[in-house]
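Colleague: Please pick one part of this model and take me through it slowly, then show me what goes on elsewhere. I'm new to this, so spell out the cut-offs.

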Amino acid sequence: MKPYTSITPGQLRSEEELVKRAQHTPEAFGELYEIHYKRIFNYALKRTANVQLALDITSVTFLKAFSQIKKYRWRDVPFAAWLYRIASNEINDHYRREGGRWVSSIEAIADLADTSDYADEINRAEEELSRHEEFILLHKKISELPIIYQEVIALKFFEKKKIREIVKILGKKEGTIKSLLHRGVEKLREKMQ
Amino acid sequence: MKKEALIRKLEKADLPELLIVCHRDRLRKVLLEGAYAGSKATGKPAAGSPGNIFNSLLDWLRAPAWRMAAASGLALFIVAAVLSLAFYLAAPAPSVIAADVVKKDPGIQQRLNGTGEIIIIRVDVRDGMASVICGRCMGDFIEADVDMNVKAVVSTRRYEGLFMPELAQNTRERAINIAVSDPRVKSIIDRGGSVGRVFPIFSSVSNMSVIGGSIIKVTPAAAQAIVPVQLDGKTWLVQVNLEENRTERIIEPEAGSTYYYEIFYRPQNF
């Protein structure tokens, strides 16, 4: 998956038009959803190393994006940055709440009851995830860090974002991001000893 | 460990890259069919209803009281019931009604044999009739005509697997070569196994379009295919990634191939 800033100025204009249409038509929101679903799910997966939790966070992210799309103001920043920010906030909230599960109820509400094929697909995904042993070990150590460090490390190294992209996603100054990254890696190194 | 080594480790980590197709499709359906139901009826966004409903829903679900109640199955049931009611109170559009009629039709449920929820792919409502195309997460599709006056399915047409796109000969051969290069597949072939009809994996039912009301075009997913390998009455399904020239996974006969087998080889029965 290409980093979202690989978007050219022309593509950015197209995305701006699509976002503006999405503020009025469901089909356009559906297009945005199709473009960004996998990216957001995998970001949540890399932050949580938990398939079901990543699905829940993805659900909430898009529900929130949908509910707020009319208020969204285009600022020449790729739409993905906004989704990343929503997802990051959801993940951080989740960890602050010590893992309270809230979204499963949304699935129940939305008649997303488990069916055998759905359950099978999740089982297969969990099996696939379990094969990434190196990632799981890294995640375990990263998850012991304060959330703010987890966030920048995941965006930098797992999502392959540049500093200026992380700046846009987290809405912090460049110096702050660099500092967080530096300290986060240092703390992670200590934990890896 | 030195900092540079750690950074290299982080940069080179083998990261998971997954997709849960059923979840993606269902969430899309929830977002577009459920939340936009009110707007479709009027042709413009409903007066604040979808956003407000979801905001209220999210806020409520995050309240401490809810978190405590979430532990109880009863609470789940109540919340599901209340919010289902909220969706229905949002004045369903004709397209939503037509979709609902189709999903509840016993004949459709029977004909779309297999497992999983029925997914509505496309609904066209015109002159008191609705044309609804539906299917399950994978498999065949049915186009149903719904009489909106009596809210009943009056006729159906089923599109069998033959509407799935054929792979080009060279692509098919490449898929087989990738599959057979996997030692597990090779051992089946070496024991006398044979390769069945190779199919592309389609990315999503939402990527289909109807041409002239009778032909379904399926857009294949990002270059992935299923290579069935058969031996002694059993079928292994090898999912290959044609872009990355690797086997994604092998579905063992006892681990779900019956499901896929139904899709790929089920005889046409009506």
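**A strand pair, and a helix to go with it**

Modeller: Let's start with B:Ile133, which stands opposite B:Glu143 in β3(B). Before going further: this is a predicted model, in which local features need pLDDT of at least 70 and side-chain atom pairs count only at pLDDT 80 or more, while totals for chains, interfaces and linings use all residues. Residues are numbered from 1 along each chain as its sequence is written, and chains are lettered from A and ligands numbered from 1 in the order in which they are written.

Now, the strands. Strand β2 (residues 129-135) of chain B and strand β3 (residues 141-147) of chain B run antiparallel, joined by 7 bridges. Strands pair if DSSP finds at least two bridges between them. Strands (E, at least two residues) and helices (H or I, at least four) are DSSP runs, numbered from the N terminus. In β2(B), 5 of the 7 residues are buried, so the strand is mostly covered. "Buried" means 20 or more other C-beta atoms within 10 Å of a residue's own, "exposed" means 12 or fewer, and "partly exposed" is in between, with C-beta atoms placed from the backbone. For the whole of chain B, buried residues make up 29% of its 270 residues.

Next, hop over to chain A and helix α10 (residues 174-192). Its 19 residues should span 27 Å at 1.5 Å a residue, and its end C-alpha atoms are indeed 27 Å apart. (The expected span is 1.5 Å times one less than the number of residues.) The buried residues of α10(A) are A:Ile177, A:Leu180, A:Gly184, A:Val185 and A:Leu188. These buried residues cover an arc of only 130 degrees around the axis, which means they sit on the same side of α10(A). That arc is taken from the directions from the helix axis to the C-beta atoms. Turned away from the buried side is a face with the exposed residues A:Gly175, A:His182, A:Glu186 and A:Glu190. What covers the buried ones includes α7 (133-142), α8 (147-158) and α9 (163-170) of chain A, together with α1 (3-12) of chain B.

Last, a loop residue in chain A. A:Ala49 lies in the loop between α2 (26-48) and α3 (51-68). Its phi is near 55 degrees, a positive value in a residue other than glycine. A:Ala49 counts as buried because 20 other C-beta atoms lie within 10 Å.

Definitions and conventions:
Two residues are in contact if their C-beta atoms, placed from the backbone, lie within 7 Å.
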